[in-house]
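Got your viewer open? Get the selection tool ready and follow along, one stop at a time.

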Amino acid sequence: MPLSNTSRQILYREHDIGKSKVSVAKEQVALISPKTKVDILNVFVNNKNMDEVSRFFEDIDFLILSADTPRGEIEYITDRIATKNQLPWITFAPFGFSKIFLGPLIVPNETKTLKDLIPQDTFIENNELVKKINENFYPTIMDPYNGMAAKMALVEVIKFITGYGDVSVINKRILIDTNTWEIEHYDLEN
């Protein structure tokens, strides 16, 4: 785990530097909620190991994507894994120093897949300059942005699982800019 995670993720402390992020997360969840079962898979997800990773998700009920690498690919890899395993899933993230996006929440056999809602740009996949920029990217997001984004996603997941309220991001994406507090809604089906 790198030092940059200690300022933007609440589970990690400076004494965790060098440890596996998933192992530290499992330890912290055990301290907070000892009865919670946590299984971890410590691999860097990519298109080459998608089948191995997909097997890990065979017995879960809902997938919340909170990873950001490989950049430009992780959402589409997750989309394929969730589709294969018939898992509902949601994506969210802080980005651009002051923005947070939430959604879409994808439900197999009920909504379109992510690749149908937001086609993956092959320019990003095949562009050497974009690859180089992504390889040298260092996040500067602070914990409040991660916390806000995660809590917004959790509200949508709870609404989906319990039926208590209408899910706001089925086939939709919400964008919040904390510089101006403007909120934009994107209907991805249109």
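What follows is a short walk through this predicted model, with something to select at each stop.

**Stop 1: a strand in the middle of things**

Start by selecting residues 172-177, which make up strand β4. Is this strand enclosed or open? Five of its six residues are buried, so β4 is largely enclosed by the rest of the structure.

Now add its partners. Select residues 99-106 to bring up strand β3, which runs antiparallel to β4 and is joined to it by four bridges. Then select residues 182-187 for strand β5, also antiparallel to β4, with six bridges between the two. While you're here, click on tryptophan 181: in the hairpin of β4 and β5, which has four residues between the strands, this residue takes a positive phi near 60°.

**Stop 2: across the strands**

Pick phenylalanine 101 and look over to β4, where leucine 175 is its bridge partner. Next, show the side chain of arginine 173. Where does it sit? Arginine 173 lies over the face of phenylalanine 101, at 3.9 Å from the ring centre. Arginine 173 also has a bridge partner in β5, namely tyrosine 186.

Before moving on, select aspartate 177 and lysine 99. These two form a salt bridge, with their closest N and O atoms 3.7 Å apart. Aspartate 177 belongs to β4 and lysine 99 to β3, so the pair ties together parts that are 78 residues apart in sequence. Aspartate 177 is buried, at 15% relative accessibility, whereas lysine 99 is partly exposed, at 27%.

**Stop 3: along a helix**

Select residues 143-162 and you have helix α7, where glutamate 156 is found. Show that side chain together with lysine 159: the two meet in a salt bridge, 2.7 Å from N to O. As a rule, side chains of opposite charge can pair when their charged atoms come close. Here the partners are three residues apart in the helix, so about one helical turn separates them.

Are these two residues buried or exposed? Both are buried, and glutamate 156 has just 4% relative accessibility. Try selecting the residues that glutamate 156 touches further away in sequence: they are Ile90, Leu102, Leu105, Val167, Ser168 and Val169.

Still in α7, click on leucine 154. This one is partly exposed, at 44% relative accessibility. Draw a distance from its C-alpha to that of isoleucine 64, and you should get 8.8 Å, although the two are 90 residues apart in sequence.

**Stop 4: rings meeting rings**

How many aromatic pairs does the structure hold? There are two. For one of them, select phenylalanine 56 and phenylalanine 57, which meet edge-to-face, 5.5 Å centre to centre and with 90° between the planes. Phenylalanine 56 is partly exposed at 30%, while phenylalanine 57 is buried at 17%.

The other pair is phenylalanine 62 with phenylalanine 160, tilted at 55° between the planes and 5.6 Å centre to centre. Phenylalanine 62 is in the loop between α2 and β1, and phenylalanine 160 is in helix α7, so this pair ties together parts 98 residues apart in sequence.

**Last stop: one more charged pair**

A search of the whole structure finds six salt bridges. Finish with aspartate 16 and lysine 19, whose side chains meet at 3.4 Å, N to O. Aspartate 16 is buried, at 2% relative accessibility, and lysine 19 is partly exposed, at 36%.

How values were computed: Residues numbered from 1 in each chain as written. Predicted model: local features only at pLDDT ≥ 70, side-chain atom pairs only at ≥ 80, totals over all residues. Heavy atoms only, no water. Buried < 20%, exposed > 50% of the residue type's maximum accessible area, 1.4 Å probe, protein only. Contact = heavy atoms within 4.5 Å. Pairing = 2+ DSSP bridges. Phe/Tyr/Trp six-rings, centres within 6.5 Å; stacked < 30°, edge-to-face > 60°. Lys NZ or Arg CZ within 6 Å of the ring centre and 35° of its normal. Salt bridge = Lys/Arg side-chain N within 4 Å of Asp/Glu carboxyl O. Lists of a residue's contacts leave out its neighbours within four places in sequence.
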